[in-house]
Amino acid sequence: MSRYVGAIDQGTTSSRFIVFDRKGDIVSAAQKEHRQIYPKPGWVEHDPLEIMRNTDEVIGAALARANLGASDLAAIGITNQRETTVLWDRATGRPLCNAVVWMDTRTAQLVAGYAREGGQDRFRDKTGLPLTTYFAGLKLRWILDNVEGARQKAESGEALFGTVDSWLTWNLTGGPDGGVHIMDVTNASRTQLMNIATCEWDMDMLAQFAIPRACLPRIVSSSEVYGEMRMAWLKGIKLAGILGDQQAALVGQTCFAPGEAKNTYGTGSFLLMNTGTEPVQSKAGLLTTLAYRFGNEAPRYALEGAIAITGALVQWLRDNLKLFDVAPQIEPLAASVEDNGDVYIVPAFSGLYAPYWRDDARGVIAGLTRYATRAHIARAALESTAYQVRDVVEAMQADSGIKLSSLKVDGGMVANALLLQFQADMLDAPVIRPKVTETTALGAAYAAGLAVGFWNNTEDLRANWAVDRTLTPRMTRERRDHYYRCWKKAVERSFGWVE
């Protein structure tokens with residue numbers, strides 16, 4: 001009998017494969033980073049073939065480390081970086097160009113053109129999303145308009161579009177030899193091409209963005225058997241779960257009831273609140289998105305606050321400014337000073353996402369004096385993450401009418417106790433770190449396991465969730481208000497940089 005479920009976690013900076021047992025504990029894992037390609041300022045690309053090679057490699061490595069074979073796995077799930085856009089040749093399996101990554105801003109002129117004709121929120125009622133460079137639909141439009149032969153191939157069905165889940169699924173289930181061309185509802189909801197009420201491609205949006213229907217995948221639920229794996233390591237194993245990374249973390253944190261929320265601290269940070277079976281349109285700068293859909297059940301929706309740059313700021317301090325050698329060194333460096341020395345960093349490298357949605361913003365470091373050191377800059381970088389999350393929480397409370405009582409957190413940055421304590425102080429609410437912090441991969445495993453009966457229902461999943469640490473607020477209200485007021489001033493300084 002199969003004892004485990006596997007999850008492919010294909011993120012912005014790396015690909016991982018994690019094997020979980022029935023209790024949701026990690027049995028084995030492997031990870032490999034891929035290149036970040038920056039052809040022009042604001043452009044960010046990935047090589048889809050490199051991602052596929054790395055995925056194959058980490059699956060083999062994780063299985064080998066635990067001496068596991070395909071027969072040990074009940075099913076495989078996929079979670080992926082959302083909005084990142086791939087267009088590939090159906091016959092050869094080769095991408096027509098590099099993947100355009102979610103944080104890429106090359107579609108700014110397209111966005112501005114559509115916004116001039118009807119405002120930034122002209123498509124919100126149908127799609128739940130504002131006009132911005134973030135989403136996949138206009139990235140695909142840019143590829144069709146700028147890559148030679150792309151539009152002709154897309155219109156004839158010779159080229160296939162997908163977010164990274166589609167690219168992985170098609171390759172893993174056979175590629176040119178019968179690969180399954182699908183996209184789950186959570187990823188489809190991030191294209192700005194899907195009607196959030198019907199969970200189908202919206203023909204009016206396709207016409208607005210000049211997207212040919214022939215290149216689009218079939219939209220499926222987040223938890224069902226899609227097909228069998230054809231790759232060597234996992235031949236014959238059912239592929240049975242797909243969730244965009246942030247929705248996967250919501251599932252991994254077992255936020256199945258309306259009002260339950262989580263925040264994932266990764267390359268960016270993403271706070272999602274389950275709103276139940278009805279989409280809630282935001283008036284405070286949040287996104288209305290699909291949370292998940294299990295089999296034939298009604299889809300569940302969420303409000304989301306998307307922050308472009310949090311962990312990526314730590315990487316920038318490491319790689320570009322050389323302030324430290326490895327990311328974990330930021331915590332002792334930041335802790336070596338008592339406060340931020342009045343330094344604030346607004347990491348608007350790709351503009352500002354929720355709740356501001358300012359494509360014209362760019363990064364600033366404010367409050368510099370001769371007193372400031374690299375330690376103050378390191379501390380300001382961590383604090384900027386907490387400020388941005390508070391921005392989103394305040395918007396979410398305004399939209400939902402629900403005051404946040406606590407925040408479940410996950411992602412790579414939650415190992416940083418200094419950050420989590422400052423987050424609790426800024427929110428004036430407890431921050432709860434679970435025992436298993438790899439909740440993104442865990443959510444994909446849960447979706448796959450539910451589809452094949454490895455877990456019976458969501459109550460089985462809730463029984464697995466356990467607290468590792470709770471951090472409670474310590475800061476005085478006066479100090480909290482001072483910090484946040486200064487942060488807001490710094491944010492205003494970032495506006496209007498791009499003309």
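A contact here means heavy atoms within 4.5 Å. Keep that in mind for the exercises below, and remember that the model is predicted.

**Exercise 1.** Work out where Arg474 sits and which residues it touches, leaving out those up to four places away in sequence.

*Solution.*
- Start with the secondary structure: Arg474 falls in the loop that links β23 (467-471) to α16 (477-494).
- Next, check the surface. The cut-off for exposed is over 50% relative accessible area. Arg474 comes out at 65%, so it's exposed.
- Now list the neighbours. Skipping residues up to four places away in sequence, Arg474 touches Gln421 and Asp425.
- Zoom in on Gln421: its side chain and that of Arg474 make a polar contact at 3.5 Å.

**Exercise 2.** How far apart in space are Arg474 and Glu499, C-alpha to C-alpha?

*Solution.*
- Along the sequence, 25 residues separate Arg474 and Glu499.
- In space, their C-alpha atoms are 42 Å apart.

**Exercise 3.** Decide how the chain compares in compactness with a globular protein of its length.

*Solution.*
- Take stock of the fold: the chain has 16 helices and 23 strands.
- Compare sizes. The radius of gyration is 22 Å and the globule rule gives 23 Å for 499 residues; those are close, so the chain is as compact as a globular protein of that length.
- Add the burial: 61% of the 499 residues count as buried.
- Finish with the contacts. Among those with a separation of 6 or more, 72% come from residues 24 or more positions apart.

**Exercise 4.** How many positive and negative side chains does the chain have?

*Solution.*
- Count them up: 53 are positive and 56 negative.
- Then locate the two sets: their centres lie 2 Å apart.

Technical notes. Residues numbered from 1 in each chain as written. Predicted model: local features only at pLDDT ≥ 70, side-chain atom pairs only at ≥ 80, totals over all residues. Heavy atoms only, no water. Helix = DSSP H or I, 4+ residues; strand = E, 2+ residues; numbered from the N terminus. Rg over C-alpha atoms; globule rule 2.2 N^0.38 Å. Buried < 20%, exposed > 50% of the residue type's maximum accessible area, 1.4 Å probe, protein only. Lys, Arg positive; Asp, Glu negative; His and termini not counted. Charge placed at Lys NZ, Arg CZ, Asp CG, Glu CD. Polar contact = N/O pair within 3.5 Å; in protein donor to acceptor, adjacent residues only side chain to side chain.
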